[in-house]
Amino acid sequence: MTAEPILALREVTMTFPVRRGWLSRPAVLRAVAGVTLDVRPGEVLGIVGESGCGKTTLGRCIVGVHPPTSGRILLRPRDGGPLRDITRRDRALQAELARDIRMIFQDPFGSLNPRLTVFDIVAEPLRVHGEGGDRAALEDRVAAMLEKVGLRPDAMRRYPHAFSGGQRQRIGIARALILGPRIVVADEAVSALDVSVRAQILNLLQDLREEMGLTILFIGHDLGVVRAFCDRVAVMYCGELVEVAPAEELFRAPAHPYTEVLLSAVPEPDPRLRGQKRRIVLQGEVPDPLARPSGCVFHPRCPAAFDRCRNEAPELTSRGDGRAAACWRHEVVRSAA
Amino acid sequence: MTEGNHLASTRRAVLAGAMAMAAAPLMPRPVAAREVPSLAADVAAGRLPPLAERLPEEPLVVQPVERIGRYGGTWRAGLRGGGDTIGLIRMLGYEPLVAWDREWRNVVPHLATAWEVSDEARVYTFRLRRGVRWSDGKPFTAEDIAFVVNDLFAHPDWPGGAPTWLRSGGAGPRAEVVDAHTLRLVFRAPHGLLLQHLATGRGTELTMYQRAHCAQFHPATNPNVEQLVREGNHRNWVALFQARCGQVFTAQRWQPTIPTLNAWIPETPYTGATQVLNFRRNPFYWKVDPEGNQLPYLDRVSFRISDSVEDLTLRAMAGEIDMQDRHIATLANRAVFHDNRERGGYRFFEVVPDLYNAVALMLNQTHRDPVMRSVLGNREVRRALSHAINRREIIDAVFVGQGRPWGLGSRPESPLYQPGVGEAHTVFDRALANRLLDEAGLRNRDRQGFRLLPDGRRFSIEVMIIPAVRPEWGDAAEMIQRDWRQVGVELRIATIDRTLMEERRNRNEFDALIWEGSAGLGEALQPDHFLPSSWWSAFGIAWFRWVQSPTHPDAMEPPAHVKRQLALYDEMLRSADPAVQAERMKEIIRIASDQLYAIGIVLPPNGYGIVRNTFRNVPASMPGSWSWPHPGPVQTSQFFLA
Amino acid sequence: MSAAPLAPPVSSMADPLATASGWRLFWLRFRRHRVAFVSLWIVVALYGVAAFAEFLAPHPPDRTMGRYTYAPPQPFGLFWTDPTTGETAFRPHVDGYRVEIDPVALRRSFVPDATRPVDVCLFPRVEPYRLWGVVPLEHRLFGPCDPNDPFFLFGADRLGRDVLSRTIHGTRISLSVGLIGVALSLLLGIAIGGAAGYVGGALDAAVQRVSEVLRSLPTIPLWLGLAAALPREWDPLTIYFAITVLLSLIGWIELARVVRGRFLALRGEDFVLAARIEGMHPVRVVMRHMVPQVTSHVIATATLAIPAMILAETALSFLGLGLQPPLVSWGVLLQEAQNIRSVAAAPWLFLPGGAVVLAVLCLNFLGDGLRDAADPYDV
Amino acid sequence: MALFLLRRLGAMVATLVAISLIAFAVIELPPGDFATAYVAAMQANGVVMTEEEIAGLRAAYGLDGGLLERYAAWIWAILSRGDFGQSFEWRQPVSDLIWGRVGMSMVVELTALVVMWCVALPIGVYSAVRRYTVGDYAATLFGFLGLAVPNFLLALGLMYLSFRLTGSALSGLNDDRFIDAPWDAARIADFLAHLWAPVLVLATAGMAHLIRVLRANLLDELNKPYVVAARARGLPEGRLIWKYPVRVALNPLVSSIGLLLPTLISSSVVVGVVMSLPTAGPLLLRALMSQDTYLAGAFILLMGTLAILGTVISDLLLALVDPRVRHR
Amino acid sequence: MMSEHTGRDPVPQPLLRVEGLRVAFGPYEAVRGVDFSIAPGRVLCLVGESGCGKSVTARAVMRLVEPAGRVTAGRILWHGGESAEAMDLAALDSRGRDMRALRGPGMAMIFQEPMSALSPVHTIGEQLTEPMRLHLGLSRKAAEERAVDLLARVGIPNPRARLSAYAFQLSGGMRQRAMIAIALACSPKLLIADEPTTALDVTTQAQVLDLLAELVRELGMAMLFITHDLGVVAQLGDEVAVMYLGRIVERAPVFDLFDRPHHPYTQALLRSVPSLRGPRPRRLAAIEGLVPSLAALPPGCVFHPRCERAAAGLCDRDDPAETATADGLRTVRCHRVEAFAS
């Protein structure tokens, strides 16, 4: 389980200046606050949290949409050498990394250029990176890729609007995988899909992952899906990691109160659970990201908060069994153990 | 010495036209005049002295055009937006020392009742009308004019110094006050045309400043002027002076506070914010009708200020304008005005333009380019180009068939008219034109059929026109362009801004230009088309340079015929005798016509004006010019509403 | 996730729209706008007229017939009844004129006279001329069989020039002023607006400020000043281009605003993000992924800008600062007509105004249709 | 709000400086100066002026200084004393000339604005709600026709029509007899009797834009869930449309008032010239033509200022009517 | 929390009965013959994937699909009126007085995205009091008092201050609560909730669901709940109707449906929802193929191209009729329902 990480995040922080209208001076929004995380080769790491928790920003930092404000992002080179700092990227490096780290987007409608044919969309990475040779060769590769994601090769002549959401997501997957990457960041890749199609896409990703040896960062908010799909899960709240654990463990026995809350809120597709399931009702609202609470960010809503939580921020600490949580209560548990 | 006669003592004095003024000399001092009804109340209340005290001892008796009028009423007319001061001078401000008669034949007494001219036309002595009062009741004396000549024009700060028309030998005159009613102007060099110039619109500049009022703003007479300058936030005393006393062409002179000799006084200042400019009668006006009634007949004048000619036109058609030709009486409007005569209740009067031609195309005979100069300077080439034009067709198309083919020469109405001069070189004869051009060495043609200059370039003339001034020019130019194309000469039409046209003309960087042919009646006053006498002598700008200063780098020595003209003109200036002047001028014009200084197209048809049927004493015909600033010399004070 | 779709999804592989490109969809949506569709054809026809003006106009624009100044329009007829025999025959003609001269009003009045028909031919032989100054031709589309006969379907102006022919020739300049002006505006607008929208930040702020200043300035004074500043020694054609450039100097603002807004929105779109992550050159990102998205919208905005330019040209001409004769544009024609005399006695001189109205109207409808098709819910 | 105002004012001043620079540059751009224009105008009247006289004129007007120098002096006089300089043509302080005219312009333009809104609003709403009906097409056609007919043609036609029908020219804003009269009821009545024509011309020209934007905005809003939600609350249709989508669709228009103003000012120049109105346009045109630098400059500066003020006011209005703007 | 009302209870007299409802948008039928009924105090969940017509059905009940869409057939019988006679809403003018009078006091609706369903330029108070003053004839003051009560009831803290708040000033959860308060303004007999929690985070969703369940129980109103989330259905519904391509393919009390789904589509749907419990599946069960377009509906049973058990010559030819179980509590639209319903 403790394989060398393929990707490592060290204290990654991402802030945005926010101007709230004319009156106030620009405030700083900490979308991601000091995230440290190792991604192991070949695993599917789920990142979950409610909207605004910073999971998407974190994913975008990794693929290079914007460089983090501080912290480092490290990547193990293909040849397995020591970790390489890829925090700051010029265009050349970005282009180089685009072969290794790729992204699947949430919105199957917005992520495909409606003016280009499927061929143009899927072949674009090849062209940008100078691969694939002449048009015929490109077409062959695109056709092969399309078949791999479950589309007929003749789809390449059509435009995105001719496809349903699930099919479009397949096109997006084809674009992401055609260069043979090592890491794929799937940002809410199935959230916009209907249940029946969602399963198809997840299964497809599962197959491709096995076939291509991918490492997948699966960003999502549907805990059921995350449980079914991920090996390990990282829970985010207010830009911070509050818990990281193997999926089975996490769902069986959440270590962080927030994780508990999350799990308890998921409506289970079983009417018999009505009234049997312990529903933890959260106090108040998600804090304003511009006015982060002192101490533990979760303490104002935490059912189990005590004094220390209000004053000191707990670190994400590992318990040794592959589980880590940022909670004083967890700390207590750990020291007890 | 009776009114209207010259100073009889010196028989060497040249008789200037006063004799011709029909009724004036014979008119006895009118008596038993009635008080003006609209002023009666003021007189009765003692706010105004009675009529007898207001009228001069020797009022100017104006013979009405039709009949004795009656008092009352308003003259409504329109002004263009932007200081339309020229129009005001013409209609309300024509009160010079000496004036033109209604026929534009002679200079007649006006504010001056008599004058004497010395030998060589250097010294002029004027006898001023006795008892004339400014609108504030103060007497008008020789001091008023001396103030203008000596304290303003001769002052180093006065912009531009003396006006050009008043200069001779490069300088203005010195004014000597002989007595309160006798003024002497002493010139450095002969100034034979002074009387004529005095009778033009600009001549009024000498009689527009009341010394008593204006001296307040002059450093020579008011030591505290600097304080006024500061208080009024002016640049200098001149600016202060012009703001408070006005200047001939500025709107500021039309203020209620400035005393005037005019028939009507403005009620409010004329400014850019004015929408209607109203005048009321001057109770001290110094003219009477033969029955002794003080003029003007009309109590008020009301000028609507409009930026739109169409607006004025509609108002005229609607009968909201009593008498006017300025701005609205265009060729194109004639038909609509005609159609709306009944609706508007007006009639037409005729305006004979002071133009010998409506379209005068001047070729630059002193072109900077030697080849072009030799070609354009060739009289035969100019003849050819003139004969190549189908004037009849242009007249038909552009001038509604009105007017006849005309070159350069005085109008038939002019005293200087000479048969055959205006008609010279105007026959349409394409064959002749081609032959002349061939003979002039322009035989070779290019592929498009254009003739080539001796150095192989195409014979191509660019003509500068400003259709904004006269829309007909553009139309005519286009037709000339086609006609010349037929004889292998290219005409390129450059529609151009006026400022630029003048710059290029003055730098002598042009081939040709089109302007109107001035003058056709007052030739001697504006002789620039007949000999190189101003910047408007576009046929020979470099010759004009030479006249000004033979050493100027751009100057070119003129050929013999030009020198002959210059000599003739010089003779004219030395003699103040109208007969001599007429002979010299005729010869100058003959030479100009023979040399085709301008290729003319058409003798301009008579213009027109409209006048309400109830608005009387407007002559059926009058000249139209700035030299004879119509309708001023008609004496607008005798207009009345029937 | 957007609001629950009320209308059912209609696209599928079986649908004919499935293989349609974006442009084809654009076209299909556009065709639903009947008025805009008709307008399109009128605009195309107008530009056709502009292109083939020499051939289509029965006379050269500067041909004067001095005898027919202010001649009213002649009625056109296909059949002619001989008044003497009463026989009717197929004979395309216009009525000739009877001339009455009024010496006082200084005017000739023309009365169309049915007894003196002027025969009208297709492809009559005329004096040789050159189409576009290049192609030598000897025929025009239609005109009087005898070139010396009067033939004034729209009447004649003060020089006896055919108003129809002048209007047709005016089409060329008037429509191209709009087109070229808009093309220049487009260039400026896309470059400036695109840069502002893509780069954002300080550049965006600067562009915003500049365009705010320019938008705050009343345009007419600006145009007046600038038009007055043009060197008059330039030949009319150069002046024409200069005026066009002037018009476009104001026109780019709106386009830049549109482009900027779109670019700002597009910059956040996932497919642009995808291209950027690819490490693509920004210029390529812009050209391949952003520009095509805005084109249809920009075309629509540009179409809407053309009529504004046409109107601006006429307004400038009206104030005496636009194009000048001998160039023939609608503005110039209207400038010549803008007096009471024309309104009262020769209203046909305002027919070029009809052309302006038609062109502006159609271009506006067309632009509206294009915009709706480009983006049904965008202003 | 105060801070917002301050910032807005700061930006406004910067814009004004830019405008003054542009204004000055534009007027100085043409070849020649007032003296040449003046001489040319005199020439047209047959009055020939000599070089000396022209040189005298230049000196008298202070036209012999450098461009920047004159700009600096001009702007300094305005800022320090509110002195806009002297009009060359009228030899009068510019401020004496412009205020009345600018005031009159504002009256005409604002009335036109109000009329435009009053007519465009119902038409725009109607054609959006009854989209693709005969009424919609008619309204659109009407609006576009107003847009398509050049202003001066409309004005000219109106004037002639009035002349034919009433026998009097439809020009100016008052009968002659009222012009120097005090603003009593009779003059105001006469003023209103004149005002409608230029207002009509101006309003028809701008209406199409308003109708079109309103229609598009409204079409956008009509399908929004909050409209359906309001309908689901059982509101009567008419009240619902005016209260909800129209209200929202108007907001962007409110902010466009400021932008409409420069356009209106521009078109009122043309209308003012044709109909001979005592507004800023004709005097400005004259000033530009005669290169009366300070007068034209003051006009452009003032019009620009008013336009910018309009923008600021409409921004404030927007803040007033749109809580989303107000509360951020 | 709310286990009392189960599908096993005897069905009371329905409040609303929809029979053979068809809704068309242009040439396409989005709802192709739908029957269901709701009784007071009961929750009917309409489940289905996007585009199946569930939202259209809900809006058609309130006659809110016009003018884009049109109710082409069927009856919408409303038993909530004063008279014993049912009123056919489908026959009413959608914008007429009768229909309007029904909206608000009769039936009310809450929407998926409270942000866009609330007017951006009107205060919550204005939108909340408006229907009360319109339908109940309350004075402004009385309406405001009631509004404060309502806001408090739906769990909005500091309700009086919130009256003057705008939608954008509230958080997502609060907006939805406000939306619910507005819907409850006139104490409707039927509440239609169109995916009210889809746009919310799980924790907020849980709160809103609890609130709705509580309200139905307390106020005794009927609720038509539209959702695609079977988890939500399991928590809230008394009865479930599963829609596919404009038709209800299976309708049953909630326990029956989850215990023994009859229709193959329902079965597949249930299988494809990952659970937090039980063994972690290696793969999720997926329904193969795509939802056909309304423009090109397959012949026969529209589900047959994706159905594992479709019988050639039957399912691809004949449109299955609705069959009801003996107790009448359950209907299924499948040819082969006997073949697998155990």
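**Close-up 1. B:Thr200 sits buried in a loop of chain B.** In this predicted model, B:Thr200 has a relative accessible area of 6%, so it falls under the 20% limit for a buried residue. The loop in question runs between helix H5 (194-198) and helix H6 (211-214) of chain B. Setting aside residues up to four places away in sequence, B:Thr200 touches B:Tyr94, B:Trp100 and B:Leu525, and also B:Trp626, B:Ser627 and B:Pro629.

**Close-up 2. Two cis peptide bonds in loops of chain B.** One of them joins B:Ser518 and B:Ala519, with omega at about 0 degrees. To find B:Ala519, look in the loop between strand E18 (512-517) and helix H18 (541-548) of chain B. The other cis bond leads from B:His630 to B:Pro631, again with omega near 0 degrees. B:Pro631 belongs to the loop between strand E22 (621-624) and strand E23 (640-641) of chain B.

**Close-up 3. B:Asn617 and B:Gln635 have positive phi without being glycines.** For B:Asn617, phi is about 70 degrees. This residue lies in the loop between strand E21 (615-616) and E22 of chain B, and with a relative accessible area of 0% it is buried. For B:Gln635, phi comes out at about 75 degrees. B:Gln635 is in the loop between E22 and E23 of chain B. Is B:Gln635 buried or exposed? At 9% relative accessibility, B:Gln635 counts as buried, because the limit is under 20%.

**Close-up 4. A hairpin in chain B, made by E7(B) and E8(B).** Strand E7 (residues 174-179) and strand E8 (residues 182-186) of chain B run antiparallel, and five bridges join them. Two residues make up the hairpin connection from E7(B) to E8(B). For a pair to look for, take B:Val177: its bridge partner in E8(B) is B:Leu183. When tracing side chains here, keep in mind that in a regular strand they alternate between the two faces of the sheet.

**Close-up 5. D:Met207 is a buried methionine in a helix of chain D.** The helix is H9 (residues 185-222) of chain D, and the relative accessibility of D:Met207 is 5%, so it counts as buried. Which residues is D:Met207 in contact with, once neighbours within four places in sequence are left aside? They are D:Met116, D:Val119, D:Ala120 and D:Phe142. D:Leu121 is 86 residues from D:Met207 along the chain, yet their C-alpha atoms are separated by 9.4 Å.

**Close-up 6. Where chain D meets chain B.** Chain D puts 56 residues into the contact and chain B puts in 53 residues. Between them the two chains bury about 4,500 Å², with 52% of that on carbon and sulfur atoms. As for specific pairings across the interface, the rule finds zero salt bridges, but it does find four residue pairs in polar contact, both residues being at pLDDT 80 or more. On the side of chain D that touches chain B, at least two residues each come from helix H2 (34-44), helix H3 (51-61), helix H5 (94-129), helix H7 (151-166), helix H8 (176-179), helix H12 (245-275) and helix H13 (280-289). H3(D) gives the most to this side, with eight residues. By residue type, the side of chain D that touches chain B divides into 27 nonpolar, 15 polar and 14 charged residues.

Notes. Residues numbered from 1 in each chain as written. Chains lettered and ligands numbered in written order. Heavy atoms only, no water. Pairing = 2+ DSSP bridges. Helix = DSSP H or I, 4+ residues; strand = E, 2+ residues; numbered from the N terminus. Contact = heavy atoms within 4.5 Å. Buried area = accessible area lost by both parts, 1.4 Å probe. Salt bridge = Lys/Arg side-chain N within 4 Å of Asp/Glu carboxyl O. Polar contact = N/O pair within 3.5 Å; in protein donor to acceptor, adjacent residues only side chain to side chain. Nonpolar A, V, L, I, M, F, W, Y, C, P; charged D, E, K, R; others polar. Buried < 20%, exposed > 50% of the residue type's maximum accessible area, 1.4 Å probe, protein only.
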